[in-house]
Amino acid sequence: MVTFLPSRPGPLADVPAFTRAIGGAESNVACTLAAAGHRARWVSRVGTDGFGDHLLDTVAAYGVDTGAVRRDPHRPTGVYFRTDADRATDAHEVVYYRAGSAASAMSPATVPYATVAGARILHLTGITAALSADCRALLHELTAPRPGRPLVSFDVNHRPALWRDGTAPEVLRELADRADLVLVGTDEAERLWGTADPAALRALLPGPAALVVKDGARTALVLERTAARPGPPGVAGTEDTGGTPGPEGSEGAAGPSGATGPDTLTVVPAPRVEVVSAVGAGDAFAAGFLSGTLRGLDARARLRHGHLMAAAALTAPGDLAAPPRRARADRLAALGADAWGRLHLGPGWTSAGTEADEEVRTR
């Protein structure tokens, strides 16, 4: 979609002007991955209007392959307006104008499976499932088990304003359970399923090999399926610096209902961030975690790269921000637990010098 960003804080009724930008969870992830040096393709539909031109030109400028995007001469490109408040607060407002949009007409007939078959990772979100019955059928088709299927990543991305029929909890649970990798925030998990407890969420979603649970500015964790081994269910962790079980780099055995084997649990705290705009951080986190997955990094590094990408988005206006250079992100992700705990990231940190890697101060 085309996004209209407010010229000043406050409710939509009081904002006098807006700046045009691009938005959309999947395109945000594609743009961030491309900017981080990966090959990315965005698959969608836009209108033949000027907003569609703007979307294609802008997404392509990030280095994303837009060759699979189709133009719909009968339906418009979706747009939305938002305030600059955090989505988790009552002050946040968003107004969508995409009923009957080109993207809402995506279906198994208009997006053939061959379009995505050659990817290493296929990233989907629950937002698409909310757009129409055809979109929901498309996601059901793309998450179906089949030989040679790409690793399917599914970000739950629950947007209450898009779900008016009360079906979100079951539809999103079913789609998530068909994926290989699932990302969900504790706030949306609580809204959808009445719990944010990782063990309870794992019991609800036994299918994915990896379940990432994000707790806002505090922590993120991943439960990953490992080879079955004897032992009682539960979680027993040891911190990598010794001592009692704790969050940073901890791992243990969890026996979720329906899982083929226990899970390894890894928890990484988020760095302190001076927030400029809270919108887009979830998509950036997903891009960072997927980048680490493509590079074969371990769980702690994947979570840290997710946090760093999110910090880049949080410290810049708009839905998209330039990610840190890979070498710099790798240095920060490799910090010891104490040094990681001292990180304090502010506007401009992604382009700052490397001499302050042990502790990046806010400006």
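This passage walks through the overall make-up of a predicted model, then its salt bridges, and then two buried residues, Thr83 and Gly126.

A good place to start is the protein chain as a whole. Its secondary structure comes to 11 helices and 14 strands. Of the 363 residues in the chain, 52% are buried. The accessible surface of the protein chain amounts to about 15400 Å², and carbon and sulfur atoms contribute 54% of that surface. Contacts along the chain were also sorted by separation in sequence. Among contacts with a separation of 6 or more, 66% are between residues 24 or more positions apart.

Attention now turns to charged side chains. Side chains of opposite charge can pair when their charged atoms come close. In this model the count of salt bridges comes to 12, and several are worth a visit in turn.

One of them joins Asp65 to Arg41, with 3.2 Å between the closest N and O atoms. Asp65 sits in the loop between α2 (50-61) and β4 (70-72), and Arg41 in the loop between α1 (25-35) and β3 (45-47), so this pair ties together parts that are 24 residues apart in sequence. Asp65 is partly exposed, at a relative accessible area of 33%. Arg41 is likewise partly exposed, and its relative accessible area is 45%.

Another salt bridge brings together the side chains of Asp215 and Arg218, at an N to O distance of 3.0 Å. Asp215 is partly exposed, with a relative accessible area of 22%. Arg218, at 53%, falls in the exposed class, because exposed means over 50% relative accessible area.

The side chains of Glu224 and Arg302 also meet in a salt bridge, at 2.9 Å from N to O. Here distant parts of the chain are linked: Glu224 belongs to strand β11 (residues 219-225), Arg302 belongs to helix α9 (residues 299-314), and the two are 78 residues apart. Both Glu224 and Arg302 are buried. Salt bridges can also be joined into a network, as is the case for Arg45, Asp72 and Arg75.

The next stop is Thr83, which is found in the loop between β5 (79-82) and β6 (94-97). With a relative accessibility of 1%, Thr83 counts as buried, because the buried class covers residues under 20%. A polar atom of the Thr83 side chain lies 2.9 Å from the backbone nitrogen of Glu93. Glu93 also appears among the contacts of Thr83 once neighbours within four places in sequence are set aside. The other residues in contact with Thr83 on that basis are Pro6, Gly10, Pro11, Leu12, Ala91 and His92.

The last residue on this tour is Gly126, which lies in helix α3 (residues 126-131). Gly126 is buried, and its relative accessible area is 0%. Although Gly126 and Asp155 are 29 residues apart along the chain, their C-alpha atoms are separated by 6.5 Å. Asp155 is also one of the residues that Gly126 touches when residues up to four places away in sequence are not counted. Phe154, Val156, Asn157, Trp163 and Leu172 are touched by Gly126 as well.

Terms used. Residues numbered from 1 in each chain as written. Predicted model: local features only at pLDDT ≥ 70, side-chain atom pairs only at ≥ 80, totals over all residues. Heavy atoms only, no water. Salt bridge = Lys/Arg side-chain N within 4 Å of Asp/Glu carboxyl O. Helix = DSSP H or I, 4+ residues; strand = E, 2+ residues; numbered from the N terminus. Buried < 20%, exposed > 50% of the residue type's maximum accessible area, 1.4 Å probe, protein only. Polar contact = N/O pair within 3.5 Å; in protein donor to acceptor, adjacent residues only side chain to side chain. Contact = heavy atoms within 4.5 Å. Areas by Shrake-Rupley, 256 points an atom, 1.4 Å probe, with all protein chains shown as cover.
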